[in-house]
Amino acid sequence: MAAAALRPHLALLSGGGGIPSPALRTLSIVSPLLLHLRSHRHRGILRSNASSSPPSPPPSPEKKAEAVPTAESCVNLGLDLFSKGRVRDALEQFDNALELDPNTIEAQAALYNKACCHAYREESKKAADCLRTALRDYNLKFGTILNDPDMAPFRASPEFKELQEEALRGGEDIGSGFRRDLKLISEVQAPFRGVRRFFYVAFIAAAGISTFFTIPRLILAVQGGDGAPDFLETAGNAAINIGGIVVLVALFLWENKKEEQQITNISRNETLSRLPVRLSTNRITELVQLRDITRPVILAGSKASVTQAMQRAERYRTELLKRGVLLIPVIFGASQKAQIKPKGFGTTRSAASAPSIGADFEKRTESIVAKSRLRAEVRFKADIVSPEQWESWIRNQQESEGVTPGEDVYIILRLDGRVRRSGRGMPNWNDILQELPRLEDLLSKLER
């Protein structure tokens, strides 16, 4: 392992940038400590907020030898060791930090960096255990795991899918932070669902109270006698109340089911937004950074099917470009032929090949200059990076839609990054031209 290829991972507490929409930015919560960490990113050392007093003279060797290790110093040492390529020694220091009564921030840092070490060594189960503890006990944001490019190998593993499903369900074993954030996003996208459920509960309560008083009257009507209420009228009222309760309960459960589906889709779209592609200029970017610029069309299947679909699309190239179409071919099995090894946590990449990822880059993408540069670099086709992540996401999408994993499919995204529609086989380009409006049309502006 080359030390030059490694550097310490300091994006440990970030919720991540580049969330699909303003609503999704609720997943991106950056602690004050993280901002402090980023100011020292080149050093790779966690430092607590120091006072503004003049720096003290360096301690003597005797004092250094007498220094008692703390959780913070162990995390710092672990980061420093990892920057030198000593991953096993770094893991030992993170373990030591967890044994020295760390505070919440220090424990979160130690656990997350420990998980990153395991992810680097492709020990997905151990990484998942560390992340599960950090999520449950130390307020780690699941958005950090979703957005961190250094967690890419872990996100392609079955353990990540299991962890994500646990986080979607919430509960004592993993915490409810991620689910709570997703529910907030869901409420933004469906603002009247809560109102509808309120009325369902109110009407169910009203019908239940009415039934409570109707049942005794129905019993009297059955028994008959002087002063007994009319049987048909009372039975009709009871039937209406009971029928109303059944219908309202069914509607309430249906709303809950729709919310769960929406939460799952939001999580899946967030995972999709972090998938990387290589543009024609050899620049690597994530789909989230292409929002409002392109409508990606993912063509997934065998090499023969995808190649044929790409050749047919060339006939409509001009019109498809006017609609912002960006073709992304995904050939099943490519991840087994060309595995891409991680380069280390937060490995510095040149600006020409890959922009920085995180809050700083999000600010740039929000600027007019950055958007215009991206728009100029986008052409008709983009190649996927990390094929195993792409294939994992597509398999999950196929399973959710009831499609056999590995079958040829296409997926069309909206300008805002959400899935517009998908289908089996390869698309009919004439139909797509009829369906998609041009970028300058009003419908495209509403889609952003």
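**Exercise 1.** Which helix contributes the largest share of the lining of the largest cavity, and how many residues does that share comprise?

*Solution.* The structure is a predicted model.

Step 1. Establish how many cavities qualify: the count is one cavity of 30 Å³ or more.

Step 2. Determine the size of the largest cavity: its volume is about 80 Å³.

Step 3. Identify the lining. The largest cavity is lined by 13 residues, and those closest to its centre are Leu-287, Arg-291, Pro-296, Leu-413 and Gly-417.

Step 4. Assign the lining to secondary structure. Helix α12, spanning residues 231–273, supplies the largest share, namely three residues.

**Exercise 2.** Classify the residues that line the largest cavity as nonpolar, polar or charged.

*Solution.* Sorting the lining by class gives seven nonpolar residues, four polar residues and two charged residues. In this scheme Gly counts as polar and Arg as charged.

**Exercise 3.** Determine how many disulfides the model contains, and examine Cys-116 and Cys-117 individually.

*Solution.*

Step 1. Recall the criterion: two cysteine sulfur atoms must lie within 2.5 Å. Applied to the model, this criterion yields zero disulfides.

Step 2. Consider Cys-116. Its nearest cysteine sulfur belongs to Cys-117 and is 7.2 Å away, and Cys-116 is in no disulfide.

Step 3. Consider Cys-117. The nearest cysteine sulfur is that of Cys-116, at 7.2 Å, and Cys-117 likewise takes part in no disulfide.

**Exercise 4.** Are Cys-116 and Cys-117 buried or exposed?

*Solution.* A residue counts as buried under 20% relative accessible area. Cys-116 has a relative accessible area of 0% and is therefore buried. Cys-117, at 1% relative accessibility, is buried as well.

Technical notes. Residues are numbered from 1 along each chain as its sequence is written. This is a predicted model: local features need pLDDT of at least 70, side-chain atom pairs count only at pLDDT 80 or more; totals for chains, interfaces and linings use all residues. Side-chain values use heavy atoms; hydrogens and water are left out. Buried means under 20% relative accessible area, exposed over 50%, partly exposed in between (1.4 Å probe, protein chains only). On a 1 Å grid over the protein atoms alone, a cavity is a set of points where a 1.4 Å probe fits but cannot get out, and a pocket is an open set with protein on both sides within 12 Å along at least five of seven lines; lining residues have an atom within 4 Å of a point. Grid points are joined across faces, edges and corners, and a volume is the space filled by probe spheres set on the points. Helices (H or I, at least four residues) and strands (E, at least two) are DSSP runs, numbered from the N terminus.
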